[in-house]
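User: I am new to this structure and would like a close look at a single part of it. Please take me through the cysteines first, and then through one helix and its surroundings.

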Amino acid sequence: MGRVNPRLAKLHRSYDVAELAQLLGVHKHTVRGWLRAGLPVVDGTRPVLIHGDEFQTWWAKRTKAKKCPLKPGQLYCVKCREGKRPALETVEYVPLNVTTGNLKAMCETCDSMMHRRVRRTAITAVMPKIDVQITQARPSIGVRTMPSLNTDKLAED
């Protein structure tokens with residue numbers, strides 16, 4: 001299952017549980033779970049109807065509640081599911097292009113890799129009092145000095 005796109009639900013249309021599940025590409029039990037979690041319904045109707053506008057509003061509030069903004073000096077650890085400081089207070093910056101790049105570091109708790117996308121000009125604001133090592137980006141495929149040795153050979157005649 002991919003991500004749910006709440007904009008598929010039209011604003012001025014009402015959906016029953018099965019219609020909304022099919023529209024969003026989820027199982028109808030998932031929609032029923034959302035109803036138990038507080039998804040508003042049209043009162044007094046059978047079958048249960050969900051207004052598209054109310055679904056989009058509820059989904060936006062739910063998504064916003066899940067956000068966890070990082071403080072300066074933190075990277076997001078997927079394994080710990082929260083912002084953590086880098087182990088040994090060192091971070092590696094790998095540029096992606098001229099203006100942005102990725103910060104990489106080890107988690108101080110679980111020793112897994114953490115990443116954070118950042119603008120090059122904002123490194124000092126994002127990682128204050130932390131040693132940031134700026135590495136050279138890998139050369140692109142067009143700048144290769146040696147050709148690849150993995151080539152297809154023509155059938156020898």
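Analyst: A disulfide is counted here when a pair of cysteine sulfur atoms lies within 2.5 Å. In this predicted model, the structure holds zero disulfides. Cys77 is in no disulfide, and the nearest cysteine sulfur, that of Cys110, is 3.5 Å away. Because a pair must lie within 2.5 Å, the 3.5 Å between the sulfur of Cys110 and that of Cys77, its closest cysteine sulfur, is too far for a bond. The surroundings of these two residues can be described as well: Cys77 is buried, with a relative accessible area of 0%, whereas Cys110, at 22% relative accessibility, counts as partly exposed.

The helix to look at is α3, which runs over residues 52-66 and has 15 residues. From its first C-alpha to its last, α3 reaches 21 Å, close to the 21 Å expected at 1.5 Å a residue. Its buried residues are Gly52, Phe55, Trp58 and Trp59. Seen down the axis of α3, these buried residues fall within an arc of 125 degrees, so they line one face of the helix. The face of α3 turned away from that buried side carries the exposed residues Lys61, Lys64 and Ala65. As for what covers the buried residues of α3, the cover includes the strands β1 (14-16) and β2 (49-51), together with the helices α1 (17-24) and α2 (28-36).

Note on methods
Residues are numbered from 1 along each chain as its sequence is written. This is a predicted model: local features need pLDDT of at least 70, side-chain atom pairs count only at pLDDT 80 or more; totals for chains, interfaces and linings use all residues. Side-chain values use heavy atoms; hydrogens and water are left out. Buried means under 20% relative accessible area, exposed over 50%, partly exposed in between (1.4 Å probe, protein chains only). Helices (H or I, at least four residues) and strands (E, at least two) are DSSP runs, numbered from the N terminus. The expected span of a helix is 1.5 Å times one less than its number of residues. The arc is that of the directions from the helix axis to the C-beta atoms. Contact means heavy atoms within 4.5 Å.
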